[in-house]
Amino acid sequence: QVQLVESGGGLVQPGGSLRLSCAASGFTLDDYAIGWFRQAPGKEREGVSCIGVSDGATYYTDSVKGRLTISRDNALNTVYLQMNSLKSEDTAVYYCAAKERLGAYTVKAMCVVPALSDYWGQGTQVTVSS
């Protein structure tokens, strides 16, 4: 059974840090591009960061550049999102998603068009509040 499971969310004060993990089971991430998306109440789901299959290509939406870092460990079948200098506007449910072989698509396209992803996790809540 194909599954993506996010973990690492929680409540953190502004300026704090969290590391989200996305563990895959039922398939190996080697041939998949991975993205982190978030959805705040009343807002559309947006792509936060995406990472390519094997070329190391990454994409970050402007609002998180310099604060969030995406990485992958194919040996552990896991992708991470290190979140530093968190702000209240980062509060949302965070989802990871996987797309098999980007092909002609770029990592930016994967992030900008959530419908391109093949598999989704159930999400983990991140709340940034004092």
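Here is a short conversation about the fold, surface and aromatic rings of a predicted model.

Student: Which pattern of helices and strands does the protein chain follow along the sequence?

Tutor: Happy to start there, bearing in mind that the model is predicted. The protein chain holds one helix and 11 strands. Read along the sequence, the pattern is β-β-β-β-β-β-β-β-β-α-β-β.

Student: What is the radius of gyration of the protein chain, and how does it sit against the globule rule?

Tutor: The C-alpha trace spans about 40 × 25 × 25 Å along its principal axes. For 130 residues the globule rule gives 14 Å, and the chain comes close to that, so it is as compact as a globular protein of that length. The radius of gyration is 14 Å.

Student: Among contacts between residues at least 6 apart in sequence, what share joins residues at least 24 apart?

Tutor: A contact here means heavy atoms within 4.5 Å. Taking the contacts in the protein chain between residues at least 6 apart, the share that joins residues at least 24 apart is 61%.

Student: How much of the exposed area do carbon and sulfur atoms supply?

Tutor: Buried residues make up 46% of the 130 residues. The protein chain exposes about 6400 Å². Of that area, carbon and sulfur atoms supply 47%.

Student: How far apart are the mean positions of the positive and negative charges?

Tutor: The protein chain has 11 positive and 12 negative charges. Averaging the places of each set gives two mean positions, and their separation is 5 Å.

Student: Why is the pair of F27 and Y32 given its class?

Tutor: Good one for a ring-geometry fan! There are four aromatic pairs in the count. In this one the ring centres of F27 and Y32 are 4.8 Å apart and the planes meet at 65°; planes over 60 degrees apart fall in one class. The pair of F27 and Y32 is therefore edge-to-face.

Student: What class does the pair of Y32 and Y119 get, and how many residues apart in sequence are the parts tied together?

Tutor: The ring centres of Y32 and Y119 are 6.1 Å apart with planes at 40°, so the pair is tilted. Y32 lies in strand 4 (residues 32–39) and Y119 in strand 10 (residues 119–120), so the parts tied together are 87 residues apart in sequence.

Student: Is Y119 buried or partly exposed?

Tutor: Ring pairs link F27, Y32 and Y119 into a cluster. Within it, Y32 has 8% relative accessibility and therefore counts as buried. Y119 has 29% relative accessibility, while buried means under 20%. Y119 therefore counts as partly exposed.

Conventions. Residues numbered from 1 in each chain as written. Predicted model: local features only at pLDDT ≥ 70, side-chain atom pairs only at ≥ 80, totals over all residues. Heavy atoms only, no water. Helix = DSSP H or I, 4+ residues; strand = E, 2+ residues; numbered from the N terminus. Rg over C-alpha atoms; globule rule 2.2 N^0.38 Å. Buried < 20%, exposed > 50% of the residue type's maximum accessible area, 1.4 Å probe, protein only. Areas by Shrake-Rupley, 256 points an atom, 1.4 Å probe, with all protein chains shown as cover. Lys, Arg positive; Asp, Glu negative; His and termini not counted. Charge placed at Lys NZ, Arg CZ, Asp CG, Glu CD. Phe/Tyr/Trp six-rings, centres within 6.5 Å; stacked < 30°, edge-to-face > 60°.
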